[in-house]
Amino acid sequence: MRLGVLDVGSNTVHLLVVDAHPGARPLPAYSHKAELRLAELLDARGAIGQDGVDRLVATIREALEVAEDQGVADLLPFATSAVREASNADSVLARVADETGVALQVLSGADEARLTFLAARRWLGWSAGRLLMFDIGGGSLEIAFGLDEEPDAAVSLPLGAGRLTAARLPGDPPSPADVRTLRRDVRSQVARVVGDFTRFGAADRVVATSKTFKQLARIAGAARTSEGLYVRRDLSREDLRTWGQKLAELPVRERQQLPGVSEGRARQLLAGAVVAEATMDLFGVESLEICPWALREGVILRRLDRMRDAAR
């Protein structure tokens with residue numbers, strides 16, 4: 001069957017269309033996305049403003065038209081950090097439902113971490129052993145660890161690249177003092193949860209998902225997207241530290257010229273590098289592997305599992 005995942009994230013609204021059936025690998029058929037950067041549209045009260053809600057509704061309507069054109073039989077709509085933590089989340093969800101007919105499922109941070117971990121586990125397989133997974137989104141950082149498909153530990157921290165950029169890094173480029181303050185605060189928050197994971201032992205393999213990690217790996221020399229999903233892409237802590245220092249000195253227009261950096265994500269990349277470096281450092285990770293599957297694939301895989309179980 002043809003499934004569609006409608007991901008209302010903190011940076012983008014992304015419709016991923018896949019051809020799938022239980023027991024098989026989902027095959028991407030079409031991708032449609034629009035950058036809204038909801039994490040940067042929250043007002044002083046933490047609410048998504050009227051303009052942001054208007055744009056969200058219009059974007060979801062457009063995605064529904066695309067899904068219909070692509071022959072999607074079943075749509076899986078969900079929202080993550082920006083909607084989840086907005087002070088007016090209930091009214092936003094109600095308006096989306098009233099005007100589009102889409103009932104967004106709001107995932108908890110722990111659910112995000114678990115579903116992303118599931119996708120990474122399925123991609124890498126059982127031979128990966130004990131798996132440690134990092135994901136930096138627009139609104140939050142997810143960390144998960146485990147030997148099975150259900151992680152032993154999973155947390156979500158409010159350390160998304162979009163959120164931190166909007167709230168903590170004014171200026172282009174931001175001042176060194178703001179960068180140092182952000183670095184200190186990020187490390188403090190990550191350090192509080194390290195013990196929740198290290199008590200389970202050392203990881204056999206460390207992976208990262210998300211656009212932020214992919215772009216950081218690309219500017220550090222990893223293979224282009226055009227070279228395919230199955231080319232291994234790694235990011236070392238040493239390279240990340242070097243590029244973090246460089247990004248702090250570059251204005252947005254110069255970051256946009258770096259290989260693999262999209263115009264819409266260039267402003268957020270420094271905050272993402274700060275979070276990535278802190279996470280790798282505090283968890284003692286020298287190098288990690290970029291995993292092409294993430295939350296959207298996890299949502300699809302969970303749905304396929306339930307379909308298979310119901311058919312038994």
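Two residues are taken to be in contact when heavy atoms of each come within 4.5 Å. With that in mind, a good place to start in this predicted model is Asp172, a residue in the loop that links α5 (161-168) to α6 (176-198). Leaving aside residues up to four places away in sequence, Asp172 touches Leu250, Pro251 and Val252. One of these neighbours is also approached through polar atoms: a polar atom of the Asp172 side chain lies 2.8 Å from the backbone nitrogen of Val252.

The surroundings of Asp172 can be described a little further. Its relative accessible area is 46%, and because exposed residues are those over 50% and buried ones those under 20%, Asp172 counts as partly exposed. Lys246 is 74 residues from Asp172 along the chain, and the C-alpha atoms of Asp172 and Lys246 are separated by 13 Å.

Attention now turns to the sheet. Five strands form an open sheet with mixed pairing, and their order is β3-β2-β1-β4-β5. The edges are taken by β3 (27-35) and β5 (105-106); each has a single partner strand, so one side of each has no neighbour in the sheet. Further in, β1 (residues 2-8) and β4 (residues 74-79) run parallel and are joined by six bridges. Within this pairing, Leu6 has Pro77 of β4 as its bridge partner.

A helix accompanies these strands. Helix α11 (residues 295-311) lies across β1, β2 (12-19) and β4, and the helix runs at about 130° to β4. Strand β4 is thus a helpful landmark for a newcomer, being bridged to β1 and crossed by α11.

Note on methods: Residues numbered from 1 in each chain as written. Predicted model: local features only at pLDDT ≥ 70, side-chain atom pairs only at ≥ 80, totals over all residues. Heavy atoms only, no water. Helix = DSSP H or I, 4+ residues; strand = E, 2+ residues; numbered from the N terminus. Buried < 20%, exposed > 50% of the residue type's maximum accessible area, 1.4 Å probe, protein only. Polar contact = N/O pair within 3.5 Å; in protein donor to acceptor, adjacent residues only side chain to side chain. Pairing = 2+ DSSP bridges. Axes fitted to C-alpha atoms, helices over the stretch in contact; angles between N-to-C directions.
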